[in-house]
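This briefing covers one helix pair and one pocket. Please look at the sequence and the model before reading on.

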Amino acid sequence: FRSPVPNLFVALRDLVICVIVEEFGFYYGHRLSHHPLLYKRFHKWHHEWTSTVSIVALYNHPVEHVWVNLLPAVVGPMITGCHYSITLLWLLIANFSILNSHCGYHLPLMPSPEAHDYHHFKFNNNFGTLGFLDRFHKAD
């Protein structure tokens, strides 16, 4: 708490690293949770809701919540060693993002939740947050 708040360049660098780390961790964790051996035991809880509402964002089996939601979000700050204030900002952004992707509304100036809505409808595509890994793996 005594270290100075980083300058804008360092803060943005750390946030970008957090976004990238979270995208990879969430994408592969989420995609793995759709494997038949894991889906019935863990991820099916989340997909009981075929239409998205924000509370569903965190409606998960506890094991899945740790490996798909928490770990990808906290590994970035651990890797960067970013300042406490940047970690808090990142976690706020990550939580807002997951709530937005499950809200069912395309809010002004926010990414559209339509891809994730479609994921809840079809179950076998649009696993990521940003979509570039979905495009890379042809899962969009």
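In which hand, left-handed or right-handed, does α1 pass α3? The crossing of α1 past α3 is right-handed. The model is a predicted one, and the points below describe this helix contact and then the largest pocket.

**Contact of α1 with α3**

- Helix α1 spans residues 8–32 and helix α3 spans residues 62–80; their axes come within 8 Å and cross at roughly 150°.
- Because angles over 145 degrees count as roughly antiparallel, α1 is roughly antiparallel to α3.
- On the α1 side, the contact is made by Asp14, Ile17, Cys18, Val21, Glu22, Gly25, Phe26, Gly29 and His30.
- On the α3 side, these residues meet Trp67, Val68, Asn69, Pro72, Ala73, Val75, Gly76, Pro77, Ile79 and Thr80.
- By class, the residues of this contact are eleven nonpolar, six polar and two charged.

**Largest pocket**

- The largest pocket holds about 780 Å³ of space.
- It is lined by 36 residues, of which Glu22, Ala94, Ser97, Ile98 and Thr129 are the closest to the pocket centre.
- Glu22 thus appears both in the α1 contact with α3 and among the residues closest to the centre of the pocket.
- Two or more lining residues come from each of α1, α3, α4 (84–101), α5 (114–122) and α6 (132–136).
- Helix α4 gives the largest share of the lining, ten residues.
- The lining divides into 18 nonpolar, 13 polar and five charged residues.

Key. Residues numbered from 1 in each chain as written. Predicted model: local features only at pLDDT ≥ 70, side-chain atom pairs only at ≥ 80, totals over all residues. Heavy atoms only, no water. Axes fitted to C-alpha atoms, helices over the stretch in contact; angles between N-to-C directions. Helix = DSSP H or I, 4+ residues; strand = E, 2+ residues; numbered from the N terminus. Parallel < 35°, antiparallel > 145°, perpendicular 65-115°, else oblique. Left-handed = near helix turned anticlockwise from the far one by under 90°. Contact = heavy atoms within 4.5 Å. Nonpolar A, V, L, I, M, F, W, Y, C, P; charged D, E, K, R; others polar. 1 Å grid on protein atoms, 1.4 Å probe; cavity = no way out; pocket = protein on both sides within 12 Å on 5 of 7 lines; lining within 4 Å. Points joined across faces, edges and corners; volume = space filled by probe spheres on them.
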